[in-house]
Amino acid sequence: MAAPFAEKLLNWYRDHRADRPWRRDPKAYHTWLSEIMLQQTRVETVIPYYRRFVQAFPTIESLAAAPLAEVLKLWEGLGYYSRARNLHRAAQIVMDEYGGALPADVETLLKLPGIGNYTAGAIASIAFGIAAPVLDGNVMRLFARLLNFEDDITQPATRNKLWRVAEYWLPAHAPGDYNQALMELGQQVCRPRNPLCARCPIQSHCRAWKAGTQNARPVRSQRSPTPHYDVTAGLIRDERESLLIARRPLDGLLGGLWEFPGGKVEAGEPLIDCLKRELREELAIAVEVGALFAVVDHAFTHFKITLHAFDCRYLGALPPHNEPQTIGVMDWAWVTEAQLPDYSFGKTDRVVIAELARRREMLL
């Protein structure tokens, strides 16, 4: 059964849809790429990344053939790097198992890395016109207000109810436009705070608006305090003044990115002791730790860190080795400061690199 407001919503969307580069040429690949990039990321942030990405990798084939390091470099700064790794791996699977064509059904799409229920529904409905529902944060908020839903949307049981609503209300006609209209209405009008109810084309269908509870919906349980960790890193130089950088394991946080090596401080551990320990455990090297170079605060999705970066002098590999070892890292390299932009780094390390450049400029 189509939602009672479906036609009103579709009419509104035709008049108010935002101009997006992936909508101008709605190939399946473009829809897939945009939906992955838009996960937990604002549209305004995504657009320049999307344009650069499509220019560098205009087809699934070109993406699959590219080195992962090149993909991560283009993704640098967009965050949530597992999206890039999954996108790259999925492109290779599409080439190997599906003849280079993105599957046109939800069940097969769900088998690809990085594609969950929402993304599969979005690709299927927008790119292929399949009647598949979507439920992202915007749609959950919109439905919670339309129904004046009092259940906690952070709970799996509540989300399952809303998925059933999404499926029940989905029209067979123009499912892609309908799904995009739901998301667009959530972005433009049914905003998280201070929704613009006077502009809503389906206001008469909204139970929360009638009850005056729109600012209290959706209901969310209170979050636990965000944990904080101190982290150390070493700007390790050898006798040539080259810097030692390490590549993080693919299966962890910021997997595949490069970093100034170091790690998390244990309870009661001095910063310098932490740095020396981490370098022994990850690379089997010894260093002389010098002055504190920079302190960088950064927030991830579920925790915060303070990075303490120290100038260090390389003393050598621990016996019986004569060079660093890939114990807790994927790879390592000695590079000049001028070569650092050729490698993909996370946000905190890019701040350190910017400080290196600033101090170099001051000496010129």
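A residue counts as buried when its relative accessible area is under 20%, as exposed when that area is over 50%, and as partly exposed in between (1.4 Å probe, protein chains only). By that yardstick K27, at 46% relative accessibility, is partly exposed. Please keep in mind that this is a predicted model, in which local features need pLDDT of at least 70, side-chain atom pairs count only at pLDDT 80 or more, and totals for chains, interfaces and linings use all residues. Residues are numbered from 1 along each chain as its sequence is written, and side-chain values use heavy atoms, with hydrogens and water left out.

Let us start with the whole chain. The protein chain carries 15 helices and 7 strands; helices (H or I, at least four residues) and strands (E, at least two) are DSSP runs, numbered from the N terminus. Along the principal axes, its C-alpha atoms fill a box of roughly 70 × 50 × 40 Å. There are 364 residues in the protein chain, and 50% of them count as buried. The accessible surface of the protein chain is about 18,000 Å², and carbon and sulfur atoms account for 50% of that surface; the areas come from the Shrake-Rupley method with a 1.4 Å probe, and for residues only the protein chains shown count as cover.

How do residues that are separated in sequence meet? A contact means heavy atoms within 4.5 Å. Taking the contacts between residues at least 6 apart in sequence, 67% join residues at least 24 apart. T119, in helix α9 (residues 117-128), gives you a single place to look. Its relative accessible area is 3%, so T119 is buried. With neighbours within four places in sequence left aside, T119 is in contact with E35, I36 and Q39. Another spot to find on the model is E7, in helix α1 (residues 6-16). Here the relative accessible area is 46%, so E7 counts as partly exposed. E7 and P171 are 164 residues apart in sequence, while their C-alpha atoms are 9.4 Å apart in space.

Now to the charges. The protein chain has 43 positive and 42 negative side chains, where Lys and Arg count as positive and Asp and Glu as negative, with His and the chain ends not counted. The centres of the two sets lie 9 Å apart, the place of each charge being taken as NZ of Lys, CZ of Arg, CG of Asp or CD of Glu. Side chains of opposite charge can pair when their charged atoms come close. A salt bridge is a side-chain nitrogen of Lys or Arg within 4 Å of a carboxyl oxygen of Asp or Glu, and a search of the whole structure finds 19 salt bridges.

One of these brings us back to K27, whose side chain meets that of D25 in a salt bridge (3.7 Å, N to O). D25 is partly exposed, at 33% relative accessibility. In another salt bridge, the closest N and O atoms of E337 and R237 are 2.9 Å apart. E337 sits in the loop between β7 (331-335) and α15 (347-363) and R237 in strand β1 (residues 228-237), so this pair ties together parts that are 100 residues apart in sequence. R237 has a relative accessible area of 14% and is therefore buried.

R277 and E266 also meet through their side chains in a salt bridge (3.7 Å, N to O). Their pair links distant parts of the chain, 11 residues apart, with R277 in helix α14 (residues 271-283) and E266 in the loop between β4 (262-264) and α14. R277 is buried at 10% relative accessibility, whereas E266 is partly exposed with a relative accessible area of 46%. Shared partners also join salt bridges into one network made of R237, E241, R313, E337 and R360.

Finally, the aromatic rings. Rings of Phe, Tyr and Trp (its six-membered ring) pair if their centres lie within 6.5 Å; planes under 30 degrees apart count as stacked, over 60 as edge-to-face and the rest as tilted. The structure holds 11 aromatic pairs. Among them is the edge-to-face pair of W22 and Y50, at 5.2 Å centre to centre with 75 degrees between the planes. W22 belongs to helix α2 (residues 21-24) and Y50 to helix α4 (residues 43-56), 28 residues apart. Both W22 and Y50 are buried. Why is the pair of F143 and W169 edge-to-face? Their ring centres are 5.2 Å apart and their planes stand at 90 degrees, so the pair is edge-to-face. F143 lies in helix α10 (residues 137-146) and W169 in helix α11 (residues 156-169), so parts that are 26 residues apart in sequence are tied together. F143 and W169 are buried, and they form one aromatic cluster with F5.
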